[in-house]
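Here is a friendly note to help you find your way around a structure that is new to you. Keep the viewer open as you read.

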Amino acid sequence: ISTTCKEEGENCYSKILIINQSSQNIMYGWNINDPSYKCYLSVTIIEPNKTYEYIRRNCWESILSSGQTAEFYIIDPNHYNPPNISYDCDSIEIKNTNLKHYLLTLEELKKNNFTVTYP
């Protein structure tokens with residue numbers, strides 16, 4: 001059972017803000033599993049001193065309610081896997097230059113007001 005956020009509020013956050021406070025472009029990427037159980041990163045470029053909003057249809061409170069973590073990566077845009085090319089899921093750090101890897105719990109996201117700042 002999942003709930004859908006009708007609107008943002010005290011008990012429903014559907015977005016995470018990613019703030020790039022570095023002096024270089026970075027790529028924000030989610031690990032995506034394809035039907036063959038392979039992985040690729042879905043990436044978005046974030047320019048220096050810019051903010052990106054990652055928005056979900058569901059509330060993060062319901063997505064992470066059973067102790068799961070929100071997993072994503074900050075990737076160097078000069079070395080990342082080509083889009084939509086899948087590989088073994090444990091190869092993310094071989095196929096990309098990871099600047100930071102996040103595994104955030106609901107409690108950690110709440111503590112930081114659903115905002116992640118890089119670096």
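The numbered points below go through the sheet, the backbone, the cores and the largest pocket.

1. A word on the basis. This is a predicted model, in which local features need pLDDT of at least 70 and side-chain atom pairs count only at pLDDT 80 or more, while totals for chains, interfaces and linings use all residues. Residues are numbered from 1 along each chain as its sequence is written, and side-chain values use heavy atoms, with hydrogens and water left out.

2. A good place to begin is the hairpin of β2 and β3, which has five residues between its strands. Strand β2 covers residues 26-33 and strand β3 covers residues 39-46; they run antiparallel and are joined by eight bridges. One pair to look for is W30 with its bridge partner in β3, S42. (Strands are DSSP runs of E of at least two residues, helices are runs of H or I of at least four, and both are numbered from the N terminus; two strands pair if DSSP finds at least two bridges between them.)

3. The hairpin strands belong to an open sheet of four strands, ordered β3-β2-β5-β6 with antiparallel pairing. Its edge strands are β3 and β6 (98-104), each of which pairs on one side only. From one strand to the next, the twist averages 25° (axes are lines fitted to C-alpha atoms, for helices over the stretch in contact, with angles from 0 to 180 degrees between N-to-C directions).

4. Two residues deserve a look for their backbone. Y37, in the loop between β2 and β3, has a phi near 65°, a positive value in a residue other than glycine. F114, in the loop between α3 (106-111) and β7, also is not a glycine and has a positive phi of about 55°. Are these two buried or exposed? Y37 counts as exposed because its relative accessibility is 72%, whereas F114 is buried, with a relative accessible area of 2%. (Buried means under 20% relative accessible area, exposed over 50%, and partly exposed in between, with a 1.4 Å probe and protein chains only.)

5. Please also check the peptide bond from Y118 to P119, which is cis, with omega near 0°. P119 is found in the segment after β7 (115-118).

6. Which residues touch the most other members of the largest nonpolar core? Of its 19 residues, they are I18, Y28, W60 and F72. β1 (15-20), β2, β5, β6, α3 and β7 are the elements that give two or more residues to this core. Apart from it lies another core, of six residues, among them L41, Y73, Y87 and I92. (A nonpolar core is a set of buried Ala, Val, Leu, Ile, Met, Phe, Trp, Tyr and Cys residues joined through side-chain atoms within 4.5 Å.)

7. Finally, the largest pocket holds about 260 Å³ of space. It is lined by 17 residues, and W30, N31, Y54, R56 and E71 are the closest to its centre. β2 supplies the largest share of the lining, four residues. (On a 1 Å grid over the protein atoms alone, a pocket is an open set of points where a 1.4 Å probe fits, with protein on both sides within 12 Å along at least five of seven lines; lining residues have an atom within 4 Å of a point. Points are joined across faces, edges and corners, and the volume is the space filled by probe spheres set on them.)
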